[in-house]
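Biologist: Hello! Could you take me through this model and show me how you reach each label you use?

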Amino acid sequence: MHLSFPAGFLWGAATSGYQIEGAADADGKGPSIWDRFTHTPGTILHGDTGDHACNAYDPARLSADLDLMVELGLKAYIFSAQWPRIQPDGRGPANARGLDYYRRVVDGLHERGIVPILTIYHWELPQALQEKGGWLERDTVERFVAYAGILHGALGEQVPYWITQNEPHTSTWEGHGGGRHAPGLRGERNALTAAHHLLLSHGRVVREFGAAATGGKAHYGAVLAITPVRAADPASAADRAAAHRVDGEQNRLFLDPIFRGEYPEDIRARYRTLTDDFAFVRPEDLAIIHTPSDFLGINYYTPTRIAAGPDDRVLLRGPLGPRTAMDWAIDPAGFHEVLTRVRQEYTGQLPLIVTENGASFRDYLDPEGRCRDTERVDFLRDHLREAQRALADGVPLAGYCVWSLLDNFEWDSGYRERFGLVYVDYATQRRVPKESFAWYQGVIRANALEVGG
Ligand code: FCB
């Protein structure tokens, strides 16, 4: 079967600053919460850090990576600016050398005919702002708007798509609730306070710099990781209720305020006492968060299986069936489910972009020097097939980006997990395109997917 995609479909790949750049303190960059966190013993597998990562900050490396993108045939590339490169301590004038790096990325993409998609925040808060309370403080929203303003002022004409916040649910629950990510805080009250300020920062920036405010050149939207949350035992009412609650915390907590201007009533009720009735919400906030976005980015990886536990707890159940190296269930149908749900319940005709989809496998170079990641080819093919089915069902999908262009620093898992279309030998920084690279190249060239059956 030949499954074609719409003309102009944005075929892309994604990366983020801390995960690839290295050069942790080059050219006046200040420390971020991730620099601090990774240097805290016991946080990251093997004590890995992003100090060097893929060395993508290096000018020669940057231009070689941009050439790889051309070879791949990319139409779009998602990358993130690290806030403390632009403002080393999170406030004040721009650090020109930091800004120049992102200018070089954007110019390099334009020279090669690739559309830049810039993520303003992929979790790299300046450590100096963390010391003032970070996302628990409302003032961080003001600082974020000022930082976004510097980027928009410098690159607003050249960058057509801007991502305000990448996966606020991860910053919320991993960074401020469970402590697995920077800044390593815990507790639901912290998590919900951070969530509100992350959402507010998104709304403020869309309102100030989005297409409606600035004449349509630059499009602004958030990226949400949407997860189908399933009851471990669908016949159990308790498991279904537990799954509904997790859906509220993972998905609706972000979708409802952005697209309906309200927090989910069940979540508000559950945390009313703990948060003094969401005391951090001011009267105008929800209208700001509800400012119409220009698009929504969706990251899809895997569904979650939930069972009801004792004492009102929820239990995460292991995946059924095939899984990736990270032990994430491989569930292409969940991708279709997510895209159609978001369209039906929230976004209607708003353009959607799949900003991340991909998988980690135990990739290695074989004796011939090749990386034959056939599992990744199967994964991507099966997921793209579902994206195509969603398009056929009327989902206004404008693009699809693979996570990731390169193997890179995978947060608390360090360098163990490899998600790239390109294998990175970290010791030498040599890049070796994997089998999936050649396969994706063919898809982009044909603007279509060839599948059997
Ligand atoms: C997403 C993140 C991205 C990467 C992938 C695997 O949650 O946005 O940085 O770590 O997962």
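Modeller: Gladly. Around the ligand sit Gln-19, His-122, Trp-123, Asn-166, Glu-167, Tyr-301, Glu-356, Trp-403, Glu-410, Trp-411 and Phe-419. Please keep in mind that this is a predicted model.

Biologist: What makes a residue count as near the ligand?

Modeller: The test is a heavy atom within 4 Å of the molecule. The residues surrounding the ligand, Gln-19 and Phe-419 among them, are listed on that basis.

Biologist: How is that shell divided by class?

Modeller: The shell has 5 nonpolar, 3 polar and 3 charged residues. Trp, Tyr and Phe count as nonpolar and Glu as charged.

Biologist: Why is the pair formed by Glu-410 and the ligand called a polar contact?

Modeller: The cut-off is 3.5 Å between N or O atoms. A polar side-chain atom of Glu-410 lies 2.7 Å from a ligand oxygen, so the pair qualifies. Glu-356 also brings a polar side-chain atom to a ligand oxygen, at 2.9 Å, and for Trp-411 the value is 2.9 Å as well. On its own the ligand has 290 Å² of accessible area, and the protein covers 94% of that.

Biologist: What makes you call the whole protein as compact as a globular one?

Modeller: Let me start with its make-up: 16 helices and 15 strands. The radius of gyration is 21 Å, while the globule rule gives 22 Å for 453 residues; the two are close, so the protein is as compact as a globular protein of that length. Along the principal axes, the C-alpha atoms fill a box of roughly 60 × 55 × 50 Å.

Biologist: How much of the protein is buried, and which share of the contacts links residues 24 or more positions apart?

Modeller: Of the 453 residues, 62% are buried. Among contacts with a separation of 6 or more, 77% join residues 24 or more positions apart. The protein exposes about 16800 Å², with carbon and sulfur atoms supplying 51% of it.

Biologist: Let's try a single residue. Why is Phe-209 called buried?

Modeller: Buried means under 20% relative accessible area. Phe-209 has 11%, so it falls on the buried side. Phe-209 belongs to helix H9, residues 188–209.

Biologist: Which residues does Phe-209 touch, leaving out those up to four places away in sequence?

Modeller: Phe-209 touches Val-145, Ala-148, Gly-149, His-152, Thr-214, Ala-218 and Tyr-220. As for Thr-140, 69 residues from Phe-209 along the chain, the C-alpha atoms of these two are separated by 18 Å.

Note on methods:
Residues numbered from 1 in each chain as written. Predicted model: local features only at pLDDT ≥ 70, side-chain atom pairs only at ≥ 80, totals over all residues. Heavy atoms only, no water. Polar contact = N/O pair within 3.5 Å; in protein donor to acceptor, adjacent residues only side chain to side chain. Areas by Shrake-Rupley, 256 points an atom, 1.4 Å probe, with all protein chains shown as cover. Helix = DSSP H or I, 4+ residues; strand = E, 2+ residues; numbered from the N terminus. Rg over C-alpha atoms; globule rule 2.2 N^0.38 Å. Buried < 20%, exposed > 50% of the residue type's maximum accessible area, 1.4 Å probe, protein only. Contact = heavy atoms within 4.5 Å.
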